[in-house]
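Hi there,

Here is the structure I promised to pass on. Have a look at it first, and my notes follow below.

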Amino acid sequence: MIRPFSLSDLNSILQIENRSFPKSPYDWTTFLHLHTLHPDTFLVCCIAERLEEEVCGYIIFTQDGHIISIAVHPLHRRKGIGAQLLRRTMQTPHLQKVWAEVRRSNLGAQAFYSKMGFQIVGVVPNYYGNEDALIIQRTL
Ligand SMILES: CC(C)(COP(=O)(O)OP(=O)(O)OC[C@H]1O[C@@H](n2cnc3c(N)ncnc32)[C@H](O)[C@@H]1OP(=O)(O)O)[C@@H](O)C(=O)NCCC(=O)NCCS
């Protein structure tokens, strides 16, 4: 199930974040700020685990299609959850394109975006301090 983020999801999101981006995780204030800015486009994916709901991934994007962040808990990767979150994003009415920045070293994410029909359209040198960002985009 995909639904908007709510404050009770924060602990689960922080766990996913710390496991997914150990070099530069967002902290709780950043997530609260992003939620304030993008309440309708901060989505979480949940699965039913022993009759309880478990948050296993999230995506945050802007109204014009910039993917600010996407992550899936390591225990739930390669099950199609990231693809579902991204497809939901691409179904947003009136979006003309979606794009994101990806670390040059993040080959897993690059393979994921490529499978989802994205192409590399640019490079921002040293975007992450000492590492370039690839700009990947899909026109809808
Ligand atoms: C990138 C990420 C969100 C993908 O989520 P996911 O739920 O595992 O992705 P899916 O299961 O939907 O993958 C869909 C397809 O993408 C490709 N893919 C996904 N992850 C891949 C990887 N690590 N290596 C190669 N291909 C990959 C595969 O073709 C996959 O289909 P398949 O499993 O049938 O072969 C997840 O790996 C993640 O959270 N990574 C850490 C955070 C991150 O790097 N976010 C992106 C920053 S820009």
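How do the residues of the lining of the largest pocket divide into nonpolar, polar and charged? Keep in mind as you read that this is a predicted model. The lining has 20 nonpolar, 9 polar and 8 charged residues.

That pocket has a volume of about 1,200 Å³. Of the 37 residues lining the pocket, Phe21, Ile70, Asn106, Ala109 and Tyr113 are the closest to its centre. The elements that each give two or more residues to the lining are α1 (10–20), β4 (67–72), α3 (81–90), β5 and α4. The most comes from α4, which gives 7 residues.

Two of those elements, β5 and α4, come up again in the sheet.

The sheet is open and has 3 strands in the order β5-β7-β6, with antiparallel pairing. Its edge strands are β5 (97–103) and β6 (119–124), each of which pairs on one side only. From one strand to the next, the twist averages 25°.

Strand β5 is joined to β7 (residues 133–139) by 7 bridges, and the two run antiparallel. If you want a spot to find this pairing on screen, go to valine 98: its bridge partner in β7 is arginine 138. Helix α4 (residues 107–115) packs on the sheet, where it touches β5 and β7. The direction of α4 makes about 160° with that of β5.

So when you open the model, α4 is a good place to begin: this helix packs on the sheet and also gives the most residues to the lining of the largest pocket.

Best wishes

Methods
Residues numbered from 1 in each chain as written. Predicted model: local features only at pLDDT ≥ 70, side-chain atom pairs only at ≥ 80, totals over all residues. Heavy atoms only, no water. Pairing = 2+ DSSP bridges. Helix = DSSP H or I, 4+ residues; strand = E, 2+ residues; numbered from the N terminus. Axes fitted to C-alpha atoms, helices over the stretch in contact; angles between N-to-C directions. Contact = heavy atoms within 4.5 Å. 1 Å grid on protein atoms, 1.4 Å probe; cavity = no way out; pocket = protein on both sides within 12 Å on 5 of 7 lines; lining within 4 Å. Points joined across faces, edges and corners; volume = space filled by probe spheres on them. Nonpolar A, V, L, I, M, F, W, Y, C, P; charged D, E, K, R; others polar.
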